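Here are a few notes from my pass through this one, in no grand order. Have a look at the structure first, then see if you read it the way I do.

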Amino acid sequence: MNTFHIMRHGQSKANVAGIIVSCPESDRDGDYGLTEAGREQARAAAAGSGLLADTAIYSSDFARARETAEIVRARLGAPEVRVAPALRERCFGDWEGSATANYARVWAADEAGRRADGVEPPNAVLDRLTTLIAGLENEHEHQQILLVSHGDPLQILLAGRLHTDPALHRRIPHLETAEIRTLP
């Protein structure tokens with residue numbers, strides 16, 4: 001019924017610092033919002049998106065995603081951004097606050113079918129996102145909907161939509177910061 005688009009947030013301060021920020025408590029004060037480069041990425045993505053002013057925009061409640069969504073909303077002249085906690089970053093458990101180099105350990109554990117140190121399992125991420133989309137399908141009709149989220153949740157969602165095991169999400173072409181794709 002609806003056309004869904006996904007967008008990874010623009011470059012964030014956490015990206016630049018090279019640290020994992022995946023818990024709402026770590027982002028409570030918005031300390032890991034967008035960099036100036038991230039804001040420019042969001043503006044450029046919105047300008048080239050082809051999305052219409054009546055696009056419904058939903059965002060993770062993390063500062064970097066909310067800021068990205070607000071930039072897109074302003075550029076499109078779209079209605080108010082709606083915050084959807086289901087779009088949150090994947091919880092990286094014990095890796096919270098550590099170097100982003102540790103993502104590789106989590107992804108290797110995903111592919112091996114192991115649960116890594118309190119990390120949210122790929123199937124759980126896929127479940128929360130597909131539940132959100134099912135609810136939005138019931139709420140909207142023939143509308144463009146933009147979901148602004150984070151790299152791992154969007155990769156996992158793409159894997160699920162492509163009928164790929166969500167644990168193999170890193171085999172799906174990577175979303176760059178502020179990249180917008182139409183959801184298959």
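1. One cut-off before anything else: a residue is called buried when its relative accessible area is under 20%. Keep in mind too that this is a predicted model.

2. With that in hand, take A65, which sits in helix α3. Its relative accessibility is 0%, so A65 counts as buried. What does A65 touch, leaving aside residues up to four places away in sequence? The list is H9, S59, S60, V148, S149 and H150. As for A78, 13 residues from A65 along the chain, the two C-alpha atoms are 16 Å apart.

3. S59, one of those contacts of A65, takes us to the sheet. This is an open sheet of five strands with mixed pairing, in the order β3-β2-β4-β1-β5. The edges are β3 (82-83) and β5 (180-182); each has a single partner strand, so one side of each lacks a neighbour in the sheet.

4. Now follow β2 (residues 56-59) to its partners. Strands β2 and β4 (residues 144-149) run parallel and are joined by four bridges, with I57 bridged to L146 in β4. The pairing of β2 with β3 is parallel as well, over two bridges, and here S59 stands opposite V83 of β3. As a general reminder, strands of a sheet pair through backbone hydrogen bonds, parallel or antiparallel.

5. Are the two faces of β2 covered or not? Both are covered: A56 and Y58 are buried on one side, and I57 and S59 are buried on the other. That fits the textbook picture, in which side chains of a regular strand alternate between the two faces of the sheet.

6. Helix α5 (residues 122-139) is worth a look as well. It lies across β1 (3-8), β2, β3 and β4, and runs at about 155° to β4.

7. Back to α3 (residues 63-76), this time for its packing with α2 (residues 36-47): the angle is about 40° and the axes are 9 Å apart. That angle makes α2 oblique to α3, and the crossing is right-handed. On the α2 side the contact uses R39, A42, R43, A46 and A47; on the α3 side it uses E67, T68, I71, V72, R75 and L76. By type, the residues of this contact divide into six nonpolar, one polar and four charged.

Methods: Residues numbered from 1 in each chain as written. Predicted model: local features only at pLDDT ≥ 70, side-chain atom pairs only at ≥ 80, totals over all residues. Heavy atoms only, no water. Axes fitted to C-alpha atoms, helices over the stretch in contact; angles between N-to-C directions. Parallel < 35°, antiparallel > 145°, perpendicular 65-115°, else oblique. Left-handed = near helix turned anticlockwise from the far one by under 90°. Contact = heavy atoms within 4.5 Å. Nonpolar A, V, L, I, M, F, W, Y, C, P; charged D, E, K, R; others polar. Buried < 20%, exposed > 50% of the residue type's maximum accessible area, 1.4 Å probe, protein only. Pairing = 2+ DSSP bridges.
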